[in-house]
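Below is a short report on helix packing, ring pairs and backbone outliers. It is written for a reader who works with coordinates.

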Amino acid sequence: MVSAHPSQTPGGVIASLYARGLLDYLRSRGVDPARLYPEARVRQLESARGHEEIPLTEWIGMFDRAVETLGEPDLPLKAGASLHVRHLGVLGHVLMSCATLGEVAQQLARYIRLLGQIGQPEVQRDGDRIHLLWIWPHPTPPAGAVAQFMLGARSMFMRWLADRPDLRYDAHFHFPAPPDTQAFERVFGGELHFDQPRSKMVFPDAYMALPVATADEDLRQQVEARAQSLLRVLEGEAPLLSALKGVLARNLANGRVSLEEAAAALDTSTRTLQRRLGSLGRSFQSVLDEVRLHAAENLLRDPNVSLTQIAFLLGYTEQSTFHNAFRRWTGASPGSWRRQQTGRD
């Protein structure tokens, strides 16, 4: 079992950087992501900047689609093990500047929210062994694809940060063993255990004292200040706003961004949604405008996407409607804004 049934997938969000990690992995395999996902959505994900977020359900669905199309139940594991530091954003630079792998574990737990609502790492000691657990934060069972990806990424990053490709780990997974476990054996190198209560990695406690090859105390102070700033922003936004923005961003291109459709997606009534937004000093339209402006700015930075295409991707039927809305938001036309940013029309 690779992932939970769609009806069991949780709410929450994940950094779009992780979605880009999957797209980059597919391309490294010679697979055009547009074969699997809508081309417009692929462009949106690849043009996203920083720690923008997408619905967790969408990310899990992307894995489901890739696994089904390519026939590889272990694809999420291999994608996680191929993750690059650029797919962690600021957090990746924080981890690179740490002194030891033990410090990496501490910083990962501290700043994991920068990667979305995907669970909390927890370190437990049992004699001379370390149990690196992955605590799922949602009431529904975790998708097997997410566990594969997360543990695969952690195994790879520990080796990379310490410059120790020989590190081996025992791996525990909460789902049944797949028919072929060769990829799991290559990624972890130790004993494999399936149908376990929790997904985790187990390894000698001596690993925690290993120095990080890229340690840099001066750089750490700079990047950690940036990480703290981003964390304050994320923790300061109400969960309702994060969830609503995720729903709206996902549905811009298909035009399903009415108050009624958003309320249904959030499993609430329009009246309740409006009331809760009002208590936060926001209106539905102001949130929709914010999401559209954010998406518009990202798309305008890509000179290969026409203004007509951008209007469509934002859910407008006419380019003139987009033009008027953008001028209202920024005081500039989309074309002049693009020229200021890119020097191109």
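At roughly what angle do the axes of H13 and helix H15 cross, and within what distance do they come? The axes cross at roughly 100° and come within 11 Å. Axes here are lines fitted to C-alpha atoms, for helices over the stretch in contact, and angles run from 0 to 180 degrees between N-to-C directions.

This is a predicted model, in which local features need pLDDT of at least 70, side-chain atom pairs count only at pLDDT 80 or more, and totals for chains, interfaces and linings use all residues. Residues are numbered from 1 along each chain as its sequence is written, and side-chain values use heavy atoms, with hydrogens and water left out.

**Helix packing**

The crossing angle makes H13 roughly perpendicular to H15. Angles of 65 to 115 degrees count as roughly perpendicular, under 35 as roughly parallel, over 145 as roughly antiparallel and the rest as oblique. Helices (H or I, at least four residues) and strands (E, at least two) are DSSP runs, numbered from the N terminus. H15 covers residues 319-330.

On the H13 side, the contact uses Asp289, Arg292, Leu293, Ala296 and Leu300. They meet Phe322, Phe326, Arg328, Trp329 and Thr330 of H15. Contact means heavy atoms within 4.5 Å. By class, the residues of this contact divide into six nonpolar, one polar and three charged. Ala, Val, Leu, Ile, Met, Phe, Trp, Tyr, Cys and Pro count as nonpolar, Asp, Glu, Lys and Arg as charged, and the others, Gly among them, as polar.

H13 itself spans residues 284-300. Its 17 residues reach 24 Å from first C-alpha to last, close to the 24 Å expected at 1.5 Å a residue. The expected span is 1.5 Å times one less than the number of residues. Because 12 of the 17 residues are buried, H13 is largely enclosed by the rest of the structure. Buried means under 20% relative accessible area, exposed over 50%, and partly exposed in between (1.4 Å probe, protein chains only). Among the buried residues of H13 are Asp289, Arg292, Ala296 and Leu300, and these also take part in the contact with H15.

A second crossing involves H3 (residues 56-70) and H7 (residues 144-162). Their axes come within 9 Å and cross at roughly 90°. That makes H3 roughly perpendicular to H7. Trp59, Ile60 and Phe63 of H3 touch Ala145, Val146 and Phe149 of H7. The composition is six nonpolar, no polar and no charged.

Helix H6 (residues 101-111) is mostly covered, with eight of its 11 residues buried. Glycine 102 lies in H6 and has a relative accessible area of 14%. Its C-alpha atom is separated by 12 Å from that of glutamate 122, 20 residues apart along the chain.

**Aromatic pairs**

A pair of aromatic rings is described by the distance of the centres and the angle of the planes. How many aromatic pairs does a search of the whole structure find? It finds 20. Rings of Phe, Tyr and Trp (its six-membered ring) pair if their centres lie within 6.5 Å; planes under 30 degrees apart count as stacked, over 60 as edge-to-face and the rest as tilted. Two of the pairs are tabulated.

| Pair | Centre to centre | Angle between planes | Type |
|---|---|---|---|
| Tyrosine 18 and tryptophan 59 | 5.8 Å | 25° | stacked |
| Phenylalanine 157 and tryptophan 160 | 6.4 Å | 90° | edge-to-face |

The stacked pair links distant parts of the chain: tyrosine 18 sits in helix H1 (residues 16-28) and tryptophan 59 in H3, 41 residues apart. Tyrosine 18 is buried at 3%, and tryptophan 59 is buried at 0%.

Phenylalanine 157 and tryptophan 160 both lie in H7, three residues apart, about one turn of the helix. Phenylalanine 157 is buried at 9%, whereas tryptophan 160 is partly exposed at 42%. Elsewhere, ring pairs link Phe173, Phe175, Phe184, Phe188 and Phe194 into a cluster.

**Positive phi**

Aspartate 163 has a positive phi of about 55° although it is not a glycine. This residue lies in the loop between H7 and strand S5 (169-172). Aspartate 163 counts as exposed, at 57% relative accessibility.

Aspartate 267 also has a positive phi, about 60°, and is not a glycine. Its loop runs between helix H11 (259-265) and helix H12 (270-279). At 73% relative accessibility, aspartate 267 counts as exposed.
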